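Subject: Handover of a structure and summary of findings

Dear colleague,

Please find below the structure that I am handing over to you. A summary of what was found in it follows.

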Amino acid sequence: MRRRSKITAAVAAVGLAIGGAVALGGGSASAATTGTVQVERACSGPQLQGKPVRATFTATYSTPLFLYPPASPVQVGGSFSFPVTGFAGAATVDVDGTALLRMTDSLGRTTERPMVVYAHDLPTGAPGGYATAAVRSFTPYLPDASGSTKITVDLVDLSLTVTPVSAQGTPVGAFDTTCAGSDRWLDLPIVNGIADGIQGGDVTGITDVTATSVSLTWSRAYFVFGDIADYEVLVDGKPAGVITTGLSGTVTGLQPNTDYWFTVNARTPTGFGTGGAGPMHARTARSDKVQATYAATGGTRFASGLAGEVSGTLATTVTTSTGATAAKLELAPTTVAGNYGGVFPVSARVTLTEQAPTTGTLTAGTLTTESTVSARFDGITVFGFPVKVPATCGADGVPLRLSAAGFGQAGGTATGGYQLAKPTGCGVNGPLVSSLFSGRTSLELTLAKR
C-alpha cells in the first residue's frame with residue numbers, strides 16, 4: 001500500500017532520523033545500533049530549477065523490552081536539504097509534512113501510520129544554493145504485537161506545497177510539487193518482554209501558545225502495582241522542568257516561531273515513569289518584536305561647508321503589529337574638514353552621543369527615527385593651528401531625525417540631520433565654534449544588516 005506524504009515548504013531543507021538509544025516502555029535495552037542512508041529525489045517546479053531534494057537519515061536504536069501497554073513513541077530526527085536559489089525575494093521557506101511508517105510483526109501483520117515532520121524558516125540565501133534544516137518528530141504508538149516486531153520507515157511519494165515567506169513573516173506565494181520515489185531507510189527490530197504497568201498520561205490538548213510558552217493538558221495515568229506520584233513534562237524528549245501532580249502545565253523559556261514536541265512521563269513514587277501516546281506538536285508564535293543591527297556608513301555636512309565621513313551602528317527592535325520602533329544609535333567620532341568662507345582651511349572632531357533611547361516607526365517600508373543626542377566639538381584647527389575649547393563645548397538635547405524609504409530586511413539608505421542654534425560652553429572661542437557648527441547639519445547613512 002502506498003501513501004502520499006504532505007509537506008509545506010518554507011526555506012530549504014529537512015531531514016529525518018530515529019534518534020537516541022530508545023528504551024520503549026519498561027525493561028532494559030540491548031546495545032544501540034546506528035545506521036545511515038542517503039536519499040535524493042527529483043521534484044517538479046520551476047523554482048527548484050531541476051535540482052534534487054536530498055536527505056540524510058541516521059538511526060540509533062536498540063531492541064528494548066515491552067509487553068503491555070504498547071511501546072512508547074520513538075523520537076525521530078535528521079536533516080533534509082532543499083534547493084533555494086529559485087526563491088529570490090523571499091526570506092525563508094516553510095516545510096511541513098509526513099513520512100510513512102510500515103510496521104510488521106512476527107505474525108506478518110502490517111500496519112501503516114504517518115509520522116509528522118516539520119522544517120520551518122529555511123533561509124533562501126544559503127551558501128551553495130541549498131538550505132539544510134534539522135527536523136524532529138515522533139512515531140505514533142507502536143502496534144500491539146507478540147514475539148518480535150520490525151518497523152520499516154519509508155518516505156513515499158513526497159508531495160510538497162512550497163510557501164516562500166517574506167521578512168515580515170507573510171507568505172508571498174505558494175506552489176505544489178511532487179517528488180516521486182520510495183525509499184526504505186530504517187528497520188527497527190523490537191522484542192517483546194516484561195510490562196511497565198503504567199497506562200495513560202497521554203497529552204490531550206494544547207490550550208495556549210505564546211512566543212515563549214506552551215500550555216498543555218494530559219490524561220490521568222494508572223499504575224497497576226501502586227500509585228502515580230506525579231507527572232513530568234518533556235520537550236523534544238528532554239525534561240522541561242515542569243513536574244506536577246495535576247493534569248495540566250505550562251512550559252516556559254521556549255524560542256519564538258519554533259516547533260516543539262510535548263510528552264508527559266507518569267512517574268511512580270520510586271521515580272520510574274514512561275511517556276504516554278504520541279507526543280503532541282506545537283509551534284510557538286512569532287515574536288511580535290523583531291531585532292536587527294545595521295552597520296551605518298555615510299557622510300555629514302554642516303551649513304558652514306565642513307564635511308566628513310560617518311560610521312557606526314543602528315540597533316532596532318520593531319513591534320511588527322504596530323510598526324513601533326525602539327533603537328540605539330551609536331556613531332563614532334567624526335573628523336570634518338573644509339575651507340571656512342572658502343578661504344580658511346579648518347578641521348575638527350564631532351562626537352554625537354545618544355542621550356535617550358531612539359524611537360520611531362516602520363510603516364509601509366519607510367523607517368523613521370528620532371534620537372536625542374549631545375554634540376561635542378574638539379580638535380579644532382585653523383590653518384593647522386589648534387583652537388582650544390573646553391570639553392563642554394557643544395550642545396545637549398539635540399533632536400536628530402532620520403528617514404529611510406524602501407527600508408527592508410537587508411537595510412536601506414537613511415537621510416536627515418539635526419539643527420544647532422548655538423553651541424555653548426566653548427569659552428573665548430565660542431563665536432568661532434558657533435560660526436562653524438550652527439545651523440542645519442545633514443546626515444546620509446547607508447544601513448546594511450549585520
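Does Arg-283 count as buried, partly exposed or exposed, and at what relative accessibility? Arg-283 counts as partly exposed, because its relative accessibility is 22% and the buried class ends under 20%. Please note that the model is predicted.

Overall composition

The chain contains 1 helix and 31 strands. Of its 450 residues, 47% are buried. Among contacts with a separation of 6 or more, 71% are made by residues 24 or more positions apart. The accessible surface of the chain amounts to about 19800 Å², and carbon and sulfur atoms account for 54% of that area.

Salt bridges

The search of the whole structure returned 7 salt bridges. Three of the pairs are described here.

Arg-283 is paired with Asp-259, and their closest N and O atoms are 2.8 Å apart. This pair links distant parts of the chain, since Asp-259 belongs to strand β19 and Arg-283 to strand β21 (residues 280-283), 24 residues apart. In contrast to the partly exposed Arg-283, Asp-259 is buried, with a relative accessible area of 13%.

A salt bridge also joins the side chains of Arg-267 and Glu-232, at 3.8 Å from N to O. Here, too, distant parts of the chain are linked: Arg-267 is in strand β19 (residues 259-267) and Glu-232 in strand β16 (residues 230-235), with their positions 35 residues apart in the numbering. Both Arg-267 and Glu-232 are buried.

The third pair is Glu-354 with Lys-328, whose closest N and O atoms are 3.8 Å apart. Glu-354 lies in strand β26 (residues 344-363) and Lys-328 in strand β24 (residues 324-331), so that the pair links distant parts of the chain, 26 residues apart. Glu-354 has a relative accessibility of 19% and counts as buried, whereas Lys-328 is partly exposed at 43%. As for networks, Asp-230, Glu-232 and Arg-267 are joined into one by salt bridges that share partners.

Nonpolar cores and a surface patch

The largest nonpolar core has 39 residues, and the members that touch the most others are Phe-377 and Phe-437. Beyond its neighbours within four places in sequence, Phe-377 is in contact with residues including Phe-302, Val-350, Val-389, Leu-420, Val-433 and Phe-437. A second, separate core consists of 16 residues, among them Val-233, Val-235, Tyr-260 and Ala-266.

Ala-266 also has a partner in space that is remote in sequence: Ala-221 is 45 residues away along the chain, yet the C-alpha atoms of the two are 6.3 Å apart. Ala-221 is located in the loop between β14 (214-218) and β15 (222-223), and it is buried, with a relative accessible area of 5%.

On the surface, a nonpolar patch is formed by Val-343, Phe-344, Phe-383 and Phe-385, which together have about 440 Å² of accessible area. Of these, Phe-383 is placed in the loop between β27 (366-382) and β28 (385-387). Phe-383 is partly exposed, at a relative accessible area of 47%.

The helix

Helix α1 spans residues 430-437, and its buried residues are Gly-430, Val-433, Ser-434, Leu-436 and Phe-437. Viewed down the axis of α1, these residues fall within an arc of 165°, and therefore they line one face of the helix. The elements covering them include β25 (334-340), β26, β27, β30 (411-420) and β31 (439-449). After α1 comes Gly-439, which has a positive phi near 95°.

A residue in strand β23

Thr-313 is part of strand β23 (residues 307-319), and at 13% relative accessibility it counts as buried. Leaving out residues up to four places away in sequence, Thr-313 touches Thr-293, Tyr-294, Ala-296, Lys-328, Leu-329, Glu-330 and Arg-450. One of these contacts, Lys-328, is the salt-bridge partner of Glu-354 mentioned above.

With kind regards

Methods:
Residues numbered from 1 in each chain as written. Predicted model: local features only at pLDDT ≥ 70, side-chain atom pairs only at ≥ 80, totals over all residues. Heavy atoms only, no water. Salt bridge = Lys/Arg side-chain N within 4 Å of Asp/Glu carboxyl O. Helix = DSSP H or I, 4+ residues; strand = E, 2+ residues; numbered from the N terminus. Buried < 20%, exposed > 50% of the residue type's maximum accessible area, 1.4 Å probe, protein only. Core = buried A, V, L, I, M, F, W, Y, C linked by side-chain atoms within 4.5 Å. Contact = heavy atoms within 4.5 Å. Patch = residues over 30% accessible without salt bridge, like charges linked within 9 Å, V, L, I, M, F, W, Y side chains within 5 Å. Areas by Shrake-Rupley, 256 points an atom, 1.4 Å probe, with all protein chains shown as cover. Arc of directions from axis to C-beta.
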